[in-house]
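Colleague: Before I use these terms in my notes, I would like to know what stands behind each of them. Please show me the structure, and I will ask.

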Amino acid sequence: MLRAYKYRIYPTDEQKVLFAKTFGCCRFVYNWALNLRIETYRSDKRTVPYKEIQDCMVNELKAEHDWLKEVNSQSLLYSLRNLDTAYTNFFRNTRAVGFPKFKSRKSRQSFLCPQHCRVDFERGTITIPKAKDIPAVLHRKFRGAVKTVTVSMTPAGRYFASVLVDTSIQELQAAEPQEKTTVGIDLGVKSLVVCSDGRTFENTKNLQRSLHRLAMLQKRLSRKQKGSANRDKARVKIARLQEHISNCRKDNLHKITHTLTHDSQVRTICMEDLNVKGMQRNHHLARSVVDASFGMFLTMLEYKCRWYGVNLIKIDRFAPSSKTCGKCGHIYKGLKLSERSWTCPECGTHHDRDFNAACNIKEFGLKALPTERGKVKPVDCPLLDDRPRVLKSNGRMKQEKRGLLQSEAHAYRRG
Ligand SMILES: [Zn+2]
């Protein structure tokens, strides 16, 4: 199984210069290739194959620009590969994946070394081609062969090395889902996760807590003269805060997904198949959805479930999980998003909205046939108007769409 280990590195001044060069060259080559593909398509209406781009880079571009020879040539080839992957992803699903963008020197920088990399745990260093013994904080060990090392620099100026390792760890096989060891989870903005066994995980709302300071720093930045050293200092301050927010967020999500997947009493997790992009398109919810980062939660939960042998069952996002009474099965149509709890008009049970939803999700998940489980991939359904085809074709779409944007409840959770 391939696993990536990310370490903070503290390159020497000399190594920093080399990194800066490599970042620049990789970015230059990437942007050059992207431009070449766009221009060729515009003039000749044809796609340039990867091999042709590579030959052109090695033979012509390198002759033209001597400084490209100063850096690891494999890293340059790899940035061409990355562009090719970006194109493939784009054509795989043009609705979900955006067209490849030009890389900017202001955003996160990175390059990859596919060969001759070494991690020395005794001395606490990482070695890559042309940069020997980069001081690193190797806070965790691994066993296995090093495949690649990706060096990156964040906008705040911190350096990291992500080491891809071919470990001998095997993925655990998941057992058949059983009622006893199944837990349903409901994601929400208020509490991030509510489980059907009564546990809740809070949303730390990291962005919201730092919003005031972020706004202040951004105002300060906007008053600095463009291109000045002071402006750059202000930019770094913002970048550091943003990194801090994102670190807090990741920390919380890792803790939650770890707890969920390392519970011996939980072998199956049922959850709603979320339309994260759709939710982000709703202006009322966008910020809190981004801050809660459901997308990242899902990614983490997916891979951790795979690693640790936990079944992950995704139920249809249109299933009425919130409005169904868990006791008698009555569907309460009038439930609004603002109602945090409700009483069933049929049997009189008082429900906590999220807990009831989590219990229903568990029920639905267990009832779903093995073939239906996890069939829907959330990342592949990005649009708000991805409702059944019938609705799209008969001219009611626009009306429907408007209704959707207006009501939070719909876009947020159709349940
Ligand atoms: Zn009821």
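Colleague: Which residue of β4 stands opposite R118?

Modeller: That residue is T127. Please keep in mind that this is a predicted model.

Colleague: How do you know that β3 and strand β4 pair?

Modeller: Two strands need at least two bridges between them to pair. β3 and β4, which is residues 125–128, have three bridges, in the antiparallel sense, so the definition is met.

Colleague: What is the order of the strands in the open sheet that has β3 in it?

Modeller: The order is β2-β6-β7-β1-β5-β4-β3, seven strands with antiparallel pairing.

Colleague: What makes β2 and β3 edge strands?

Modeller: Each of them pairs on one side only. β2 covers 109–113 and β3 covers 118–120. As for twist, neighbouring strands of this sheet are turned by 35 degrees against each other on average, with direction ignored.

Colleague: What joins strand β1 to β7?

Modeller: Eight bridges join β1, residues 2–9, to β7, and the two run antiparallel. Within this pairing, Y5 has V163 of β7 as its bridge partner. Strand β6, residues 145–153, is also joined to β7 by eight bridges and runs antiparallel to β7. There A145 stands opposite D166.

Colleague: What is notable about G157 in the hairpin of β6 and β7?

Modeller: G157 takes a positive phi near 90 degrees. The hairpin has five residues between its strands.

Colleague: Why is the pair of F19 and Y159 called tilted?

Modeller: Planes under 30 degrees apart count as stacked and planes over 60 as edge-to-face, with the rest called tilted. The planes of F19 and Y159 are 45 degrees apart, so the pair falls in the remaining class. The centres are 5.9 Å apart, and the limit for a pair is 6.5 Å. A search of the whole structure finds 14 aromatic pairs.

Colleague: What does the pair of F19 and Y159 tie together?

Modeller: F19 lies in helix α1 and Y159 in strand β7 (residues 159–166), so the pair ties together parts that are 140 residues apart in sequence.

Colleague: Why are α1 and α3 called oblique to each other?

Modeller: The ranges for the other names are under 35, over 145, and 65 to 115 degrees. Helix α1 (residues 13–44) and helix α3 (residues 73–92) pack at about 40 degrees, with their axes 9 Å apart. That angle is in none of those ranges, so the two helices are oblique. Their crossing is right-handed.

Colleague: Which residues make the contact of α1 with α3?

Modeller: Among them are C25, V29 and L34 of α1, and L76, L80 and Y87 of α3. By class, the contact has twelve nonpolar, four polar and two charged residues.

Colleague: Why are α1 and α2 called oblique as well?

Modeller: Helix α2 is residues 50–64, and its axis crosses that of α1 at roughly 120 degrees, coming within 11 Å. The perpendicular range ends at 115 degrees and the antiparallel one begins over 145, so α1 and α2 are oblique. This crossing is right-handed. F28, W32 and L36 of α1 are included in the contact, as are I53, M57 and L61 of α2. The classes here are nine nonpolar, no polar and one charged.

Colleague: What makes α4 and α5 roughly antiparallel?

Modeller: Their axes cross at roughly 170 degrees and come within 10 Å. An angle over 145 degrees counts as roughly antiparallel, so the name follows. α4 is residues 206–222 and α5 is residues 229–261. Among the residues that meet are L207, L214 and L221 in α4 and I238, L241 and I245 in α5. Nine nonpolar, four polar and five charged residues make up the contact of α4 with α5.

Colleague: How do you know that β11 and β12 pair?

Modeller: The requirement is at least two bridges. β11 (residues 268–272) and β12 have five, in the parallel sense, so they pair. C270 stands opposite I313 in β12.

Colleague: Which strands are at the edges of the sheet ordered β10-β9-β8-β11-β12?

Modeller: β10 (200–202) and β12 (311–315) are the edge strands, each pairing on one side only. This open sheet of five strands has mixed pairing, and its twist averages 20 degrees from one strand to the next.

Terms used:
Residues numbered from 1 in each chain as written. Predicted model: local features only at pLDDT ≥ 70, side-chain atom pairs only at ≥ 80, totals over all residues. Heavy atoms only, no water. Axes fitted to C-alpha atoms, helices over the stretch in contact; angles between N-to-C directions. Helix = DSSP H or I, 4+ residues; strand = E, 2+ residues; numbered from the N terminus. Left-handed = near helix turned anticlockwise from the far one by under 90°. Contact = heavy atoms within 4.5 Å. Nonpolar A, V, L, I, M, F, W, Y, C, P; charged D, E, K, R; others polar. Phe/Tyr/Trp six-rings, centres within 6.5 Å; stacked < 30°, edge-to-face > 60°.
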